[in-house]
Amino acid sequence: MPKETIGNIKMNYKVSGNGEPVVLITGLGGDISFWNGMIPLLSDKFKVITFDNRGSGQTECPDEPFDMPDLAGDVISLLDRLAVKKAHVLGWSMGGNIAQEVALGFPERVASLTLVSSYMRRPSRSSYAINTMIDSVRSGGDLECLFKIIQSYCMTEEAFRTREEKGVETPGLVTSTVEQFASQMAALDRFDSRTRVKHIKAPTRVIHGNADIMVPPWMGENIAAEIEGADLVMIEGGGHTMAPKSYAQALLEHLIRNPIN
């Protein structure tokens with residue numbers, strides 16, 4: 001995959017398919033592989049742009065703090081380098097924070113907005129748990145265990161039971177150092193769009209799983225209620241991380257309904 005120098009970072013990215021551009025933004029600690037299942041469901045109709053946020057994957061960045069507007073600026077800079085004037089933007093979880101900042105700061109660049117498993121202000125319980133895990137790694141714990149425990153918040157009971165019955169281990173894919181992960185988490189903890197999200201003008205669809213314990217479903221309901229004209233699609237049995245096929249149709253309907261003009 002190519003890398004693009006953008007300001008003080010070197011961004012790892014991938015472009016798949018042809019058609020109107022769709023940007024997929026992953027969440028806390030996620031890397032470009034998160035979208036491997038979604039890309040084939042979109043790339044026959046759309047140009048799909050995926051990348052590693054600063055602080056994860058193969059994107060290279062300096063060891064310094066950053067915030068969600070910085071991550072949103074990275075997205076816009078990548079679009080500039082790819083000569084993409086306007087795109088559909090989807091953000092999952094923390095990626096939804098970035099997507100909101102893109103829609104608020106660069107409204108002319110967003111044809112449609114899709115927020116998956118997202119929120120205006122992170123859940124306090126989830127923040128407490130994740131920051132405690134970070135502290136445990138800094139005190140000598142195993143970084144892979146941190147990523148494994150996060151899966152317990154992201155996946156549903158049914159998913160774990162099925163894997164257990166099949167004898168399949170749930171891996172903890174390590175995508176960053178603990179300090180890179182902590183930098184993303186610090187940016188996530190500082191994010192708060194509760195007084196600003198109402199200013200989003202892009203056609204918005206909120207997609208949320210009704211079995212999400214990382215970000216409770218009411219948070220998806222609240223964000224949809226705050227954005228004028230937004231609609232909400234609740235995925236039955238969906239956890240924080242959902243199988244692409246469970247919401248791809250809802251995504252495609254939204255993209256097709258809001259063509260780039």
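Two strands are taken to pair if DSSP finds at least two bridges between them. The legends below describe a predicted model.

**View 1. The open sheet and its strand order.** In this predicted model, 8 strands form an open sheet with mixed pairing, arranged in the order β1-β2-β4-β3-β5-β6-β7-β8. Its edge strands, each pairing on one side only, are β1 (residues 3–6) and β8 (residues 231–235). Between neighbouring strands of the sheet the turn is 25° on average, with direction ignored.

**View 2. Strand β3 between β4 and β5.** Strand β3 spans residues 20–25 and pairs in the parallel sense with β5 (residues 87–92) over 4 bridges. The pairing of β3 with β4 is likewise in the parallel sense and extends over 5 bridges. Val23 stands opposite Val89 in β5, and Val23 also stands opposite Ile49 in β4. For Val22, the bridge partner in β5 is His88. Strand β3 is mostly covered, with 5 of its 6 residues buried.

**View 3. Helix α3 on the sheet.** Helix α3, formed by residues 94–105, packs on the sheet and touches three strands, namely β3, β5 and β6 (residues 110–116). The direction of α3 makes an angle of about 145° with that of β5.

**View 4. Helix α9 across the sheet.** Helix α9 comprises residues 244–257 and lies across β3, β4 (residues 46–51), β5, β6, β7 (residues 204–209) and β8. Relative to β7, helix α9 runs at about 175°. Strand β3 is thus shown here with α9 lying across it, whereas View 3 shows the contact of β3 with α3.

**View 5. The crossing of helices α2 and α3.** A pair of packed helices is described by the angle between their axes and the distance between the axes. The axis of helix α2 (residues 68–81) comes within 8 Å of the axis of α3, and the two cross at roughly 70°. Because angles of 65 to 115 degrees count as roughly perpendicular, α2 is roughly perpendicular to α3.

**View 6. Residues at the contact of α2 with α3.** On the α2 side, the contact is made by Met68, Pro69, Leu71, Ala72, Val75 and Ile76. These residues meet Met94, Asn97, Ile98, Glu101 and Val102 in α3. Classified by residue type, the contact of α2 with α3 has 9 nonpolar, 1 polar and 1 charged residues.

How values were computed. Residues are numbered from 1 along each chain as its sequence is written. This is a predicted model: local features need pLDDT of at least 70, side-chain atom pairs count only at pLDDT 80 or more; totals for chains, interfaces and linings use all residues. Side-chain values use heavy atoms; hydrogens and water are left out. Axes are lines fitted to C-alpha atoms, for helices over the stretch in contact, and angles run from 0 to 180 degrees between N-to-C directions. Contact means heavy atoms within 4.5 Å. Buried means under 20% relative accessible area, exposed over 50%, partly exposed in between (1.4 Å probe, protein chains only). Angles under 35 degrees count as roughly parallel, over 145 as roughly antiparallel, 65 to 115 as roughly perpendicular and the rest as oblique. Ala, Val, Leu, Ile, Met, Phe, Trp, Tyr, Cys and Pro count as nonpolar, Asp, Glu, Lys and Arg as charged, and the others, Gly among them, as polar.
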